[in-house]
Amino acid sequence: MATTTTTATVEQLPRPKPKPTRNEEPTVSPEQQPAQDVKSQPQGLAACGTGGYPVAGMPTFQDPYAKRQWQLEHMAAAFRVFARKGYTEGTAGHISVRDPVDPSTFWINPLGAHFGMLKASDMVQVNEEGSVIGGNKVAVNAAGFMIHSALHKARPDINAACHAHSPAGKAWSTFGRPIDIINQDSCTFRGIQHVYESFGGVVLEAEEGERIAAALGEQGRVAILQNHGILTAGGTVDEAAYLFTLMERTCEVQLMVEAAGLPKTLIGDKEAEYTARVNADPDTLYAEFQPDLKFEVWKSNGELKEFL
């Protein structure tokens, strides 16, 4: 289906011309072998496709301004995915992306704008003090700033983070426990999920944001916030957003399992490790989000434009 596209622009920033190139890994079809032989198997994105053609990976950029625009477009599409899936709740919820031009700053959504209406040009650039310095000159969510600024400071490997008051995430967070590894999708969270066991009310103090960041540790990418909801992080907004959508659905499924009241069979650690090696690397998580993202680009009739 043909789609008319227009380019979203960011205030005072020229639209960069260079096009990204995509990293491509050779596609290898894995044979069935015991879980303990995982090191001999193709991992991550290389294991996701077959047929003799490579699976396209994440694009790479030489120009940080081009990367900025690409990130903001994917950020806007992620918000629309969240809207479609029902993660909106008043003014709550935020996604942030570290700025590739000035990594001490990040971009976040404007306060009070519906996720389903956001474009790249709506995003707000803020510095470490919380002052708006670029993009859309409007207020941002104070709690969102406290959480995301602490994350970006504590974890240089985290370029994007997502938090929303989604229904299943809120429900599961009341138990203050990690999700069980009971199906293939939940294996993705093996070793990267943590529970923040305190609830200090609305996050309006820097210390609460710092404690949430500390709960993720050095390697964590998913936090279950006690009596609050879920938070995810990643190297790209696509990775963080996919982890959020997957965690929300996983919480929903676990609640269904708990409601059944029948004995659960957990997946063995070796099998979970094997599955996580294939499914939980950044390239694969990025690729997993692309169907939802491209659907939003297609639906927008040119309002969103994926930078290709």
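Select Gln290 in this predicted model; the residue lies in helix H7. Is Gln290 buried or exposed? Gln290 counts as buried, at 9% relative accessibility. Now display what surrounds the residue. Leaving aside neighbours within four places in sequence, Gln290 is in contact with His74, Asp238 and Glu306.

**Helix H7 and helix H1**

Next, select residues 64-84, which form helix H1, together with residues 282-299, which form helix H7. Two packed helices are described by the angle between their axes and the distance between the axes. For H1 and H7 the packing angle is about 85°, and the axes are 9 Å apart. H1 is therefore roughly perpendicular to H7. To view the contact, show Trp70, His74, Ala77, Ala78, Arg80, Val81 and Arg84 on the H1 side. On the H7 side, show Tyr286, Phe289, Gln290, Asp292, Leu293, Phe295, Glu296 and Lys299. If these residues are coloured by class, the contact of H1 with H7 has 8 nonpolar, 2 polar and 5 charged residues. Gln290, the starting point of this tour, belongs to the H7 side of this contact, and His74 belongs to the H1 side.

**Helix H7 and helix H5**

Keep H7 in view and add helix H5, residues 237-260. At what angle do H5 and H7 pack? The angle is about 75°, with the axes 8 Å apart. These two helices are therefore roughly perpendicular to each other. From H5, the contact is made by Asp238, Glu239, Ala241, Tyr242 and Leu243. From H7, the residues to select are Pro282, Leu285, Tyr286, Glu288, Phe289, Gln290 and Leu293. The contact of H5 with H7 comprises 8 nonpolar, 1 polar and 3 charged residues. Gln290 appears here as part of the H7 side, and Asp238, one of the residues that touch Gln290, is part of the H5 side.

**The segment after H7**

Follow the chain to Asn301, which lies in the segment after H7. Asn301 is not a glycine, yet has a positive phi of about 55°. Its relative accessible area is 58%, so Asn301 is exposed.

**A loop between two strands**

Now move to Asn227, in the loop between strand S9 (222-225) and strand S10 (229-234). What is the phi of Asn227? The value is positive, about 55°, although Asn227 is not a glycine. With a relative accessible area of 44%, Asn227 is partly exposed.

**Around helix H2**

Select His152, found in helix H2 (residues 142-154). His152 is buried, with a relative accessible area of 7%. Which residues does His152 touch, not counting those up to four places away in sequence? The residues to display are Ser96, Val97, Arg98, Phe106, Ile158, Asn159 and Ala160.

Then step back to Ala139, in the loop between strand S6 (132-135) and H2. Ala139 is in contact with Pro110 and Leu111, once neighbours within four places in sequence are set aside. Draw a distance from Ala139 to Pro110: C-alpha to C-alpha, the two are 6.1 Å apart in space, while 29 residues separate them in sequence.

**Two cysteines**

Select Cys187 and Cys251. Cys187 is buried, at a relative accessible area of 1%. Cys251 also counts as buried, with 0% relative accessibility. A disulfide is a covalent bond between the sulfur atoms of two cysteines. How many disulfides are counted? With a cut-off of 2.5 Å between cysteine sulfur atoms, the count comes to 0 disulfides.

**The whole chain**

Zoom out to the complete protein chain. Its secondary structure comes to 7 helices and 10 strands. The chain has 308 residues, of which 51% count as buried. Among contacts with a separation of 6 or more, 72% join residues 24 or more positions apart.

**Confidence of the model**

Finally, colour the chain by pLDDT. The average is 87, and 83% of the residues score at least 70. Select residues 1-17: the pLDDT is below 50 there, and this stretch has 39 contacts in the model beyond near neighbours in sequence. Residues 23-40 also have a pLDDT below 50. Beyond near neighbours in sequence, the stretch 23-40 has 38 contacts in the model. Where pLDDT is low, the predicted coordinates should not be read in detail.

How values were computed:
Residues numbered from 1 in each chain as written. Predicted model: local features only at pLDDT ≥ 70, side-chain atom pairs only at ≥ 80, totals over all residues. Heavy atoms only, no water. Axes fitted to C-alpha atoms, helices over the stretch in contact; angles between N-to-C directions. Helix = DSSP H or I, 4+ residues; strand = E, 2+ residues; numbered from the N terminus. Parallel < 35°, antiparallel > 145°, perpendicular 65-115°, else oblique. Contact = heavy atoms within 4.5 Å. Nonpolar A, V, L, I, M, F, W, Y, C, P; charged D, E, K, R; others polar. pLDDT = per-residue confidence, 0-100. Buried < 20%, exposed > 50% of the residue type's maximum accessible area, 1.4 Å probe, protein only.
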